[in-house]
Amino acid sequence: MPCWQARLLTAALIGLLSFSALCDPASRNKPQARTALLIGNSLYPQAPLANPAQDVEDLVPILEQLGFQVHLLLNADQRQMEHAIDDFEHQLRQRGGVGLFYFAGHGIQSKGTNYLLPIAEQITQERDLKYDAVNLDKVIDAMEAANNPLNLVILDACRNNPLARESRSAARGLARPSRTPKDLLIAYSTAPGEVALDGEGRNSPYAASLMAALQTPKQHVLLTFQDIALRVQTTTRGQQIPWISSSLTRNFYFNEKDDFNQGDHPQGIDIASQVSSKQPTDAFSKHTPKHSPKQLSKPSPEAIPLLTIEELERPWRLPPEDYPEVIQDTLANGSVGPRLVIVPPGSYQMGSQDQIREEHPRHPVTLTQPLAVGLYEVSVGEYQRYLSAMSSGQSSSQRSGQPSNHKAKSLSNRPSGPSADLPITNIRWQQAVDYTQWLSRETGHRYRLPSESEWEYLARAGTDSRYFWGNELAQCTELPISHIDRSRKFKTNEIPFCAQQLKSLGLVRLNCRHCFSWIEQGKAFPVDSYLPNPFGLFNMLGNVAEFTLDCWRPNYYGAATDHTPVQFANCTERVIRGGHWNSSHLEVRVSARQGVDEAYQSDTLGFRVVREID
């Protein structure tokens with residue numbers, strides 16, 4: 001299975017999850033009890049297995065290091081297994097917290113029921129399974145009866161069917177679960193109905209991948225099992241594809257020792273009500289046009305602190321002598337392409353700690369290669385040059401040799417004309433992609449749209465706040481941000497007066513509805529308006545929202561941790577970023593994101609190009 005399919009599978013399982021924060025600070029730091037029962041059966045008389053006992057033995061110290069109280073059972077018969085499960089239920093009742101059950105050995109499905117095979121019993125006929133094997137439902141029932149907050153069942157138990165010759169309905173592998181109680185995750189070492197590999201070394205491919213993935217710092221449990229799936233698929237060259245079933249409504253991290261995102265998602269937080277991102281979030285969203293941007297789950301305006309003018313310092317400014325060097329590739333007709341800035345590689349934390357489910361979970365991203373990025377959004381003049389070239393049949397195939405770079409120190413070298421320096425809008429996603437492909441043909445370099453992870457890296461520009469200058473949007477003392485829309489509706493004098501104050505102090509940093517820039521035009525501004533961010537990029541926030549390569553998904557579970565865009569078959573919705581001239585202060589944060597239909601066109605939506613470094 002390709003990586004994007006694994007990411008999509010994980011995202012589908014948790015697409016309804018959204019998070020809420022704990023109100024009690026003391027409960028944030030209170031560790032939850034963790035209890036594990038590990039059973040490894042290798043010495044089967046009929047079909048012995050090499051790895052299970054070794055797998056569970058090697059797993060014990062790892063789980064103990066992660067805070068689990070571990071109970072180990074090796075080569076057990078039916079009575080021993082059932083007594084251990086009963087004791088496990090008792091421990092969960094007493095201790096609460098997180099329960100983990102792991103079984104390695106033979107597992108069989110019969111008539112849709114899954115059985116774990118003990119060692120001593122001589123099970124030769126399928127009808128004996130319900131009497132002499134251990135029904136998996138006993139484990140699930142014990143966990144449900146214990147009423148502890150969260151449970152995990154991990155089954156490396158479908159290596160083959162030792163009753164294959166004597167059985168008519170005992171099928172390959174294990175069956176899909178008939179039920180999954182709340183807050184239970186069941187992980188299978190391979191897909192339902194398929195057979196897992198026992199492995200040639202000390203551990204099975206699944207156990208080895210599990211032990212490695214469990215130790216990843218601050219990784220959500222669902223991402224951990226995605227990691228396991230990818231490791232197993234790689235190790236087995238696609239022969240074995242792990243699978244999970246999840247009804248989790250709580251967060252859990254195996255390894256919480258790393259300080260990444262500390263306190264953001266502590267163990268055991270109740271997840272907010274499971275509402276799909278496609279459901280209306282308020283009474284007005286039901287009237288949203290079919291192809292308009294997806295509605296976001298938004299906290300109240302007061303959820304983001306805003307400082308008054310008296311509390312704000314002068315905003316960060318880039319001295320003219322520190323402007324980055326701009327490069328431009330030569331086009332077929334001898335003119336030059338978009339202005340590009342070389343942005344270095346680096347790492348950052350993608351997403352936010354705000355209570356907006358589309359931006360969870362926060363996760364690390366590392367870009368390992370530098371990137372040439374459009375200094376501005378693609379302008380009307382630049383796009384018209386492309387249309388003219390296409391209409392005239394101009395081709396780069398007549399050119400010979402490698403194109404050269406034209407270096408320009410001046411940032412004022414823009415296309416001429418009354419509207420040429422405005423961002424191009426009202427185009428579809430595919431039209432933006434076509435433009436980048438034309439640039440690639442013209443220049444001999446690979447141009448494209450940025451991936452979503454690249455876009456946020458460029459917008460943050462080395463910062464870790466809601467906006468690249470900090471966590472607050474400028475606000476006038478006499479005009480709270482929660483009153484801006486009302487004042488705008490009734491055309492009061494508060495807004496012009498506040499806008500004049502902010503402009504006099506240099507605090508209007510971008511073009512958006514709550515930034516007081518709309519009072520002048522109420523539409524997009526020229527592409528070089530306002531100050532650039534620390535990477536020297538103009539209008540990453542506000543002005544017009546920007547297309548990315550990624551298919552829309554309602555959260556970051558299964559998201560890449562590098563520059564890779566999320567792509568999947570039959571994708572019709574794309575991620576847009578940055579907000580626009582009519583966006584609220586919430587929608588122009590560096591982490592804000594929305595999804596639109598590929599066919600969506602708007603005067604609020606444009607794009608920026610990136611060029612890969614050769």
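**Notes on the predicted model**

1. Surface first: the chain exposes about 25900 Å², and carbon and sulfur atoms supply 48% of that area. Accessible areas here come from the Shrake-Rupley method with a 1.4 Å probe, and for residues only the protein chains shown count as cover. Bear in mind that this is a predicted model, where local features need pLDDT of at least 70 and side-chain atom pairs count only at pLDDT 80 or more, while totals for chains, interfaces and linings use all residues. Residues are numbered from 1 along each chain as its sequence is written, and side-chain values use heavy atoms, with hydrogens and water left out.

2. The overall make-up: the chain has 13 helices and 22 strands, taken as DSSP runs numbered from the N terminus (H or I, at least four residues, for helices; E, at least two, for strands). Of its 614 residues, 57% count as buried. Buried means under 20% relative accessible area, exposed means over 50%, and partly exposed lies in between (1.4 Å probe, protein chains only). Among contacts (heavy atoms within 4.5 Å) with a separation of 6 or more, 76% come from residues 24 or more positions apart.

3. Have a look at helix α7, residues 205–213. Seven of its nine residues are buried, so the helix is largely enclosed by the rest of the structure. The buried ones are Pro 205, Tyr 206, Ala 207, Ser 209, Leu 210, Met 211 and Ala 213. Their cover includes α3, β3 (98–104), β7 (150–156), β9 (184–188) and α8 (221–235).

4. Gly 67 sits in the loop between α3 (52–65) and β2 (69–74). With 45% relative accessibility, Gly 67 counts as partly exposed. Its C-alpha is 8.9 Å from that of Asn 255, although 188 residues separate the two in sequence.

5. On to charges. The structure holds 24 salt bridges, each being a side-chain nitrogen of Lys or Arg within 4 Å of a carboxyl oxygen of Asp or Glu. A local example is Arg 93 with Glu 89, whose closest N and O atoms are 3.1 Å apart. Both belong to helix α4 (residues 78–95) and are four residues apart, about one turn of the helix. That spacing fits the usual geometry: an α-helix has 3.6 residues a turn, so residues three or four places apart point the same way. Glu 89 is buried, at 17% relative accessible area.

6. A longer-range pair is Glu 452 and Arg 593, with 2.6 Å between the closest N and O atoms. Glu 452 is in helix α11 (residues 452–460) and Arg 593 is in strand β20 (residues 593–597), so this salt bridge ties together parts that are 141 residues apart in sequence. Both Glu 452 and Arg 593 are buried. They also belong to a network of salt bridges that links Arg 362, Glu 452, Glu 456, Arg 460, Asp 464, Asp 550, Arg 553, Arg 577 and Arg 593.

7. Arg 574 forms a salt bridge with Glu 598, and the closest N and O atoms are 2.7 Å apart. The two are 24 residues apart and link distant parts of the chain: Arg 574 is in strand β19 (residues 573–577), and Glu 598 is in the loop between β20 and β21 (605–606). How covered are the two partners? Arg 574 counts as buried at 7% relative accessibility, whereas Glu 598 counts as partly exposed at 21%.

8. The largest nonpolar core has 46 residues, and Leu 458, Leu 502, Phe 516 and Leu 541 have the most contacts inside it. The elements giving two or more residues to this core are β12 (340–343), β13 (346–350), β14 (363–367), β15 (371–374), α11 and α13 (494–504). Such a core is a set of buried Ala, Val, Leu, Ile, Met, Phe, Trp, Tyr and Cys residues joined through side-chain atoms within 4.5 Å.

9. Finally, some backbone points to check by eye. Most residues other than glycine have a negative phi, and most peptide bonds are trans. His 360 and Pro 361 are joined by a cis peptide bond, with omega about -5°; Pro 361 is in the loop between β13 and β14. Asn 147 has a positive phi near 60°, lies in the loop between α6 (136–146) and β7, and counts as exposed at 67% relative accessibility. Asn 570 also has a positive phi, about 60°. Its place is the loop between β18 (545–551) and β19, and Asn 570 counts as exposed at 73% relative accessibility.
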